[in-house]
Amino acid sequence: MGVEIKAAGFPDERRARTMTAMVYDTYGSPEVLRIEEVDIPVPEDHEVLIEVHAASVNSWDWDLLRGKPYLTRLGGFRKPRYRILGADIAGRVITAGAKVKRFRPGDEVFGDLSGCGWGGFAEYVSASEEALTPKPAGLSYEQAAAIPQAAVLALQGMRDKGNLRNGHRVLINGAGGGVGTFAVQYAKLHGAEVTGVDSAGKLDMLRSVGADYVLDYTKDDFTTIGQRYDLILDVVGNHSVSAVKRALASGGTYVMVGGSLHRILQALLAAPLSAWLERKKIAILVHKPNHDDQMVWKALVEAGQVVPVIDRQYPLRDAAQAMRYHGEGRAKGKIVVYMKR
């Protein structure tokens, strides 16, 4: 099908066929990223073409950039499967394929494209309508782009794997990042007592989004201080499974948000015995983009019950700097790359 790019306001015919994107052709540090003019994607019948206004950086982008852990190289062992990173986007529908039912040109959307080809760090991207949700009313494109992957991981970790309940004592290890800041707010909404663990520079921010207690991981090791928690959401995986279990109450749940292959295997081996002897559940959260879960967050942010936390924003031309800053681990909440303002 044809793409009516003229509607996007391109100044000339050549520019109407190309777009600016951040691309890479080999695994490595942010230095392998570059800005390049590439062809605008042509959507299939079940896809829409989106004019991207903003995209956010996730840990998965960082892993795919480096090709580490090696599980991230599935489908592209020697070179990246996708030249353009970026899963979480917010923008405006330009054209819709013949089989698209939920969206039409002009609709504002946000979503997680990790299940349909990535490509968010560009001026345009084509995506399956199933990956998209109407943009929350009252939010900027930058705020909307900060939500999809991190917020859904927090929801699935807390609600589905962690069986979060009112009155639970919850600890979030790595609470100062994207997943963690959403998890803190979600847990507080559901009546939990929340402890956030991260570096000293993020603790005031964690208090501001609702954490009852905060721990500087460079000074306090939550696995040895004697406190017990009903739910531990582990975003960073800097402790062994056996160490984390020491901080878990009987009947509690330890949820791993990804992790190295070694830690995943360790958890799989420990889980049956822990459940039987100690009544401590170990769960591994595998990311599953989900439109219904995005709708949950849409409602929460529209009601003002949750606020996306954004640390820094970069123009597309500086997207490599955004990735570098993410890799340093200092970001408070999310990092956003913007294309349109």
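Hi everyone, let me start right in the middle of a sheet: Y254 has I282 as its bridge partner in β13. Before I go on, please keep in mind that this is a predicted model.

So, what surrounds that pair? β12 and β13 are joined by five bridges and pair in the parallel sense. On the β11 side, five bridges link β11 to β12, and these two strands run parallel as well. One of the residues to look for there is L231, whose bridge partner in β12 is T253. The connection is a nice one to trace on screen: β11, helix α6 (residues 241-246) and β12 together make a right-handed β-α-β unit.

Is β12 mostly enclosed or open? Eight of its ten residues are buried, so β12 is largely enclosed by the rest of the structure.

Let's zoom out to the full sheet. Six strands make up this open sheet, and reading across you get β10-β9-β8-β11-β12-β13, with parallel pairing. Which strands sit at the edges? Those are β10 (213-216) and β13 (281-285), each of which pairs on one side only. On average, neighbouring strands here are turned by 15° against each other, ignoring direction.

Over at the β10 end, strand β9 (residues 193-198) is joined to β10 by four bridges, and the two run parallel. If you want a residue to click on, T195 has Y213 as its bridge partner in β10.

Now look at what covers the sheet. Helix α3 (residues 148-161) lies across β8 (169-173), β11 (229-234), β12 (248-257) and β13. Relative to β13, helix α3 runs at about 150°.

Two loop residues caught my eye, so let me take them in turn. V235 is in the loop between β11 and α6. With a relative accessibility of 25%, V235 counts as partly exposed. Leaving out residues up to four places away in sequence, V235 touches I172, N173, G174, V179 and V257. Also, the C-alpha atoms of V235 and G157 are 9.9 Å apart, although 78 residues separate the two along the chain.

The other one is K135, in the loop between β7 (132-134) and α2 (141-145). Is this lysine buried or exposed? Its relative accessible area is 12%, and because buried means under 20%, K135 counts as buried. Where does its side chain go? The side chain of K135 reaches the backbone oxygen of L139 at 2.5 Å. Setting aside residues up to four places away in sequence, K135 touches E108, V109, F110, S140, Y141, A144, K298 and E302.

Let me finish with the cores. The largest nonpolar core has 47 residues, and the members touching the most others are I50, I84, F121, L132, M323 and V337. Which elements give two or more residues to this core? They are β1 (18-23), β3 (47-56), α1 (59-66), β4 (88-96), β6 (124-128), α9 (319-328) and β15 (334-338). A second, separate core has 45 residues, including Y141, V170, L203 and V255.

Back in the largest core, M323 is a good residue to center on. Not counting its neighbours within four places in sequence, M323 is in contact with M22, P30, L33, V57, D61, W62, L65, L85 and F121.

That's my tour, thanks for listening, and I'm happy to take questions!

Terms used. Residues numbered from 1 in each chain as written. Predicted model: local features only at pLDDT ≥ 70, side-chain atom pairs only at ≥ 80, totals over all residues. Heavy atoms only, no water. Core = buried A, V, L, I, M, F, W, Y, C linked by side-chain atoms within 4.5 Å. Buried < 20%, exposed > 50% of the residue type's maximum accessible area, 1.4 Å probe, protein only. Contact = heavy atoms within 4.5 Å. Pairing = 2+ DSSP bridges. Axes fitted to C-alpha atoms, helices over the stretch in contact; angles between N-to-C directions. Polar contact = N/O pair within 3.5 Å; in protein donor to acceptor, adjacent residues only side chain to side chain. Right-handed = clockwise from strand over helix to strand, strands pointing away.
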